[in-house]
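Visitor: I should like to understand the terms used for this model and the grounds on which each is applied. May we go through them one by one?

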Amino acid sequence: MAQTLRLPIHLSSSPNRSLSKPSFSKTLHPRSPFSAPRRPISALSSDLGSPSPILVSDNGKGAIFHSSAASSAESSAIEVDAVTEAELKENGFRSTRRTKLVCTIGPATCEFEQLEALAVGGMNVARINMCHGTREWHRHVIGLVRRLNVEKGFAVAVMMDTEGSEIHMGDLGGAASAKAEDGEIWTFSVRAFDSPLPDNTISVNYDGFAEDVKVGDELLVDGGMVRFDVIEKIGPDVKCRCTDPGLLLPRANLTFWRDGSLVRERNAMLPTISSKDWLDIDFGIAEGVDFIAISFVKSAEVINHLKSYIAARSRDSDVALIAKIESIDSLKNLEEIIRASDGAMVARGDLGAQIPLEQVPSAQQRIVQVCRQLNKPVIVASQLLESMIEYPTPTRAEVADVSEAVRQRADALMLSGESAMGQYPDKALAVLRSVSLRIERWWREEKRHEAMELPDIASSFSDSISEEICNSAAKMANNLEVDALFVYTKTGHMASLLSRCRPDCPIFAFTATTSVRRRLNLQWGLIPFRLGFSDDMESNLHRTFALLKARGMIKSGDLVIAVSDMLQSIQVMNVP
Ligand SMILES: Nc1ncnc2c1ncn2[C@@H]1O[C@H](COP(=O)(O)OP(=O)(O)O)[C@@H](O)[C@H]1O
Ligand SMILES: C=C(OP(=O)(O)O)C(=O)O
Ligand SMILES: [K+]
Ligand SMILES: [Mg+2]
């Protein structure tokens, strides 16, 4: 017999912040035999299994925690990264940045000290792009990130980004770049060159290139950074005249346009995951990367295919799949792709080569919005601070672009060339960090956030409970102006449901495994801690308060709301 779901929340009479500690817990009459009601936290007893109304208990005195100073060994039983710990100690809860930061690692940042500088500067995720470098090189970088986490207490996650099978140039025979001057004739060839490349010659990775391209087509490098007109085809060689001069970078993306529109025929037949990608994916699974970002995803089918492949290859691999939205097809199938994926990336570099540039901002806004509605983390990527590859300060336009991404409440921002091969990776990261903090504060102080209408996404009744609890807890957190939300989460799901609500306060996410902790490092507003915890919420809270107080990260009197995916309840309390 289903019971209507009522949630009479009853706060103590005193509306001020020194709340007595009512603890809310509710026992739901389960619609299905699976979600057996759980014992509520408070003293109220209810027979497990006996149909009972929702019980909201307010025991008046609330849960009193006897704070015992944790031993130093005990206080090390909780893991949090050094930067967050320092921020909390120095500036308190409100200081913590909510927006996550992803840095592409390349020649400019592949030494241990450089990676450490990025981690200290706020990097949450290190991205390695399989379009460049060798697997050995990437294995070395992954090893350094792992060492950084172990030795310095960070939880920097690793994201491996596939090359994808779109058309791109070769590696310029090892040169770092090549300059194409206006009017010069260049040869783009599918020929395999073993000796050094002849002058003004570029190899192309796509065998069908010489067949598909036509005299009169326009050839765009990296979305238009350099342009050529196709003037002649001689077997495997395509002669082109440079019409927009610029710098050619290794393995830059190539697109060709005919009568003003993108030529997509053969591209559409190219597999999303190339044979090299499959080898790179095996590499990523073996190296235990946290995320795999798939380039040029066109439909949910490739994500589902890859998920079953990964599940078959390694039962315990919980690598998360990030779909890169960077083609017309990925926009057409956006919702299905995001539902199938664990997150998405607004890959504006190639996206801006596949659709008119002026459409990229609205596409970005739509992708970010759909991801939030579907509770999937979303990264805004590419050219955020492009000028800082060469200059120590950003343009005003770039600061406005970063502000807009933060204002849209994207989960994360990503540096590409700025941190991979730029001259000022740390300065670029500092700009992302300071703009994020500023816009986040502006949102909170000026109450600019019209709460986004979040559709129900629960796939089961017990999921609905979790969703309702998190939506309510986030709303209460804003109304009561609590200092922090605490969530105890085995899989990270409850934490993501809180993050989705974008509450004003930070969300301390306690989880027992380092891999879940690293994965949470991509989600807005989550501060991931590794902490072993039991099903007994009172003792979890008691231990957590003691540990965090011992580390100076919280203090008596701080107001906290705690939720957990074990015991479906909301607790409001002051730190003892
Ligand atoms: N692992 C690497 N090794 C060498 N160069 C790299 C590496 N990763 C990135 N880069 C350089 O940084 C530039 C920007 O990185 P990214 O945006 O990830 O690649 P792309 O723009 O080629 O898609 C690349 O074009 C390349 O010149
Ligand atoms: C992030 C992107 O993909 P990649 O850098 O791998 O081309 C992009 O195209 O913006
Ligand atoms: K890539
Ligand atoms: Mg791309």
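Guide: We may begin with a metal site. The magnesium ion (ligand 4) has E326 (OE) and D350 (OD) as its protein donors, at 1.9 to 2.1 Å. This is a predicted model, in which local features need pLDDT of at least 70 and side-chain atom pairs count only at pLDDT 80 or more, while totals for chains, interfaces and linings use all residues. Residues are numbered from 1 along each chain as its sequence is written, chains are lettered from A and ligands numbered from 1 in the order in which they are written, and side-chain values use heavy atoms, with hydrogens and water left out.

Visitor: Why are E326 and D350 called donors of the magnesium ion (ligand 4)?

Guide: Donors are N, O and S atoms within 2.8 Å of the metal, or 3.2 Å for Na, K and Ca; water is not among the atoms, so sites may look incomplete. With 1.9 to 2.1 Å to the ion, E326 (OE) and D350 (OD) meet the limit of 2.8 Å, and therefore they count as donors.

Visitor: What makes this a link between distant parts of the chain?

Guide: E326 is in the loop between β16 (320-325) and α9 (328-332), D350 is in helix α11 (residues 348-354), and these positions lie 24 residues apart in sequence terms. Helices (H or I, at least four residues) and strands (E, at least two) are DSSP runs, numbered from the N terminus. Both E326 and D350 are buried, that is, under 20% relative accessible area, where exposed means over 50% and partly exposed in between (1.4 Å probe, protein chains only).

Visitor: Which residues are the protein donors of the potassium ion (ligand 3), and how do you know that they qualify?

Guide: The donors are N129 (OD1), D161 (OD) and T162 (O), lying 2.6 to 2.8 Å from the potassium ion (ligand 3). Those distances are within the limit for K, so the three count as donors. Their spacing in sequence is N-x31-D-T, and the potassium ion (ligand 3) is 5.4 Å from the magnesium ion (ligand 4). N129 belongs to strand β4 (residues 125-129) and T162 to the loop between β5 (157-161) and β6 (178-180), so this pair ties together parts 33 residues apart in sequence. N129 and T162 are both buried.

Visitor: What makes E326 and G349 polar contacts of ligand 2?

Guide: A polar contact is a pair of N or O atoms within 3.5 Å; within protein, one must be able to donate a hydrogen and the other to accept it, and residues adjacent in sequence count only if both atoms are side-chain atoms. An N or O atom in the side chain of E326 is 3.0 Å from an oxygen atom of ligand 2, and a backbone N or O atom of G349 is 2.7 Å from an oxygen atom of ligand 2. Both values are within 3.5 Å, so both are polar contacts. The protein covers 84% of the 290 Å² of accessible area that ligand 2 has on its own.

Visitor: Which side chains make such contacts with ligand 1?

Guide: Among them are R127, at 2.7 Å from an oxygen atom of ligand 1, N129 at 2.8 Å, and H132 at 2.7 Å. Of the 520 Å² of accessible area that ligand 1 has on its own, the protein covers 80%.

Visitor: Why is the pair F209 and F256 called edge-to-face?

Guide: Rings of Phe, Tyr and Trp (its six-membered ring) pair if their centres lie within 6.5 Å; planes under 30 degrees apart count as stacked, over 60 as edge-to-face and the rest as tilted. The centres of F209 and F256 are 5.8 Å apart and the planes are at 90°, so the pair is edge-to-face. F209 and F256 are both buried. F486 and F510 also form an edge-to-face pair, with 5.1 Å centre to centre and 70° between the planes. F486 is in strand β20 (residues 484-488) and F510 in strand β21 (residues 507-511), so this pair ties together parts 24 residues apart in sequence.

Visitor: How do you know that D483 is buried?

Guide: D483 has 13% relative accessibility, so D483 counts as buried. Its place is in the loop between α16 (461-480) and β20, and the side chain of D483 reaches the backbone nitrogen of L559 at 2.8 Å.

Definitions and conventions: Accessible areas come from the Shrake-Rupley method with a 1.4 Å probe; for residues, only the protein chains shown count as cover.
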